[in-house]
Amino acid sequence: MRYSRFLAPTMRNTPSDAEVVSHQLLLRGGFIRRVTSGIYDYLPLGLRVLRNIETIVREEMNRAGAQELLMPMVQPSELWHKSGRLQKYGAELARFNDRHGHESCIGPTHEEVVCDLIAKDLRSYKQLPLNVYQIQTKFRDEIRPRFGLMRGREFIMKDAYSFHADEQCLQQEYENMFASYERIFTRLGLDYRPVEADNGSIGGLASHEFHVLADSGEDLIAHCSACHYAANVEKATAKHPTFKYHQATRAEISTPGASSVEDVTKMLGIKPEELIKTMMYHITGGVYDGGVVAVCVCGDDSVQEVKLARSLSAETVRMADDEMMTDAGAMKGFVGACGLSVPVFVDHALRGATGLTMGANLLDTHLSGIDVAQDIPVKEWLDVRAVKVGDTCNHCDDGTMQWRRGIEVGHVFALGSCYAEAMEVQFQNKEGRRATATMGCYGIGISRLMAAVIEQCHDDAGIVWPECLAPFQVSIISLGKKDAVMDASASLYHSAQQAGFEVLWDDRKERPGVKFRDHELIGIPWQIIIGDRDLEQGNVAVSARCGEKTILAIDDAISLLSSSCKH
């Protein structure tokens, strides 16, 4: 492609609304342009990168035995009614009525549609397992789109769905997809981590997220310093630092005005871990729907509310208001687990703890000498504490938990039958009885990956694309005004194309500085520079994006690239 005819409008200045590096460089490099909030045009450079990502994803999905299809972006709302997700999904689901008054939605995901498709033709267990995938545009009406392609409203996604006759078969495919994702992200040259994840609104049995590690990531990941364990902070588990509890006689103690952990521990001269912190929550959904529960953790811990919601099979949990606390028998600022009229759940870290202090549910009063097992009416022991930096890893006992920022680019779910049952995806099993299929689903954010790669692969001058993703592998930069330069450039351009390279020839009538800045910004891996002075000696300069220039004979340039470039 000749640059003079190519739609690649670069920008010198960083747009004021671009907060992260990937958004800045994609705009400045002419890869994308904003249409409206969270929606972008993909210009030729951007589309070339997307296609390269798609190629790698397709190759690995096909290698794993999945079959590609394409489902509609517009979905009838009755399918979402049937699955029970129409209201549950919330305002991110964009809905509209057509001219006939039929309600439809723009698909943010395709569990309902694929279940409807498979249910119509599935008859026997002999047709299973089955894994189908698509690469398609999705729409989620994000309340606050930001960071360019990282959190847009319209985006490109690879989503796959597998169907199985039993849980064992599902587990095998889950592992197959997990391995496929590892190959995909390794081929993309990314520093990534697969992490245990919460299933969220999709539901199911198990899930892992794949995160590209970057300081700009929205997600916080807990990982071990010694082993491969990693999990989303909403899912992570670890051992609480050991503390030597002591025996003490239970007694009321006066703590005037001391209602915070800091105030109580300072007044009583105790450590935060010697205090029991009791939190009151209002529950929506599940067994405790509409009610209030109490949750106890160590004074130096906090409650991970997503863990709590999942432990109680609740849709949401939120802090109880003053009236709710009073009705439950609690005193704000001095809440304790004794004497409450609501269920009390206690974190595992408090098992066997004695000699602790907690609120007495009386103004300016605490109780000391608490034996958790004897004095607290424990409804159930739960893992609800938020993992902290420095906690001992549960999985190896050698490492400590650390935090990193990550960009979620992939997610694998073992859904089980939660959708297949609602959508009536049934078949005749080996025993001749009707059975419900079990499912998995597996997503990769194609357009988000383009941004995530840049967050890891850039320098002060611009993007540094991995060769497998670059929009072009080689750029030929013509410098000078002599006809010989253009003739030699044209010849080398055609030779490089014949050798199988994707080439961008910068034939523009621009100053050398402008050309060099544009090519560094765009991030093409290799440059061939043809100028008057070198050409007089029959030479050109060849350089990698971040490497030194090599001066060599013009006839040797393609040979050097063929031996160095991964094409």
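Guide: A nonpolar core is a set of buried Ala, Val, Leu, Ile, Met, Phe, Trp, Tyr and Cys residues joined through side-chain atoms within 4.5 Å. Keep in mind that this is a predicted model.

Visitor: Which residues have the most contacts inside the largest nonpolar core?

Guide: Phe31, Phe185, Met450 and Trp465 do, in a core of 63 residues. Take Met450: beyond its neighbours within four places in sequence, its contacts include Leu26, Tyr42, Leu149 and Trp465. Another core, of 28 residues, lies apart from the largest one, and Met280 and Ala349 are among its members.

Visitor: Phe185 is aromatic, too. What kind of aromatic pair do Tyr181 and Phe185 form?

Guide: Planes over 60 degrees apart count as edge-to-face. Tyr181 and Phe185 fit that, with 90° between the planes and 6.0 Å centre to centre. They are about one helical turn apart because 4 residues separate them in helix H5. Both also belong to one aromatic cluster with Phe178, Tyr192 and Phe210.

Visitor: And how is the sheet with E28 put together?

Guide: Strands of a sheet pair through backbone hydrogen bonds, either parallel or antiparallel. Here the order is E28-E27-E29-E30-E31, an open sheet with mixed pairing. E28 and E31 stand at the edges with a single partner strand each, so one side of each has no neighbour in the sheet. Further in, E29 and E30 run antiparallel, joined by 4 bridges, and Ile528 stands opposite Val542 in E30.

Visitor: What lies across E27, E28 and E29?

Guide: Helix H11 does, running at about 175° to E28. Tyr493 in helix H11 and Trp505 in strand E28 are 12 residues apart, yet they form a tilted aromatic pair, 5.4 Å centre to centre. Both are buried.

Technical notes
Residues numbered from 1 in each chain as written. Predicted model: local features only at pLDDT ≥ 70, side-chain atom pairs only at ≥ 80, totals over all residues. Heavy atoms only, no water. Pairing = 2+ DSSP bridges. Helix = DSSP H or I, 4+ residues; strand = E, 2+ residues; numbered from the N terminus. Contact = heavy atoms within 4.5 Å. Axes fitted to C-alpha atoms, helices over the stretch in contact; angles between N-to-C directions. Buried < 20%, exposed > 50% of the residue type's maximum accessible area, 1.4 Å probe, protein only. Phe/Tyr/Trp six-rings, centres within 6.5 Å; stacked < 30°, edge-to-face > 60°.
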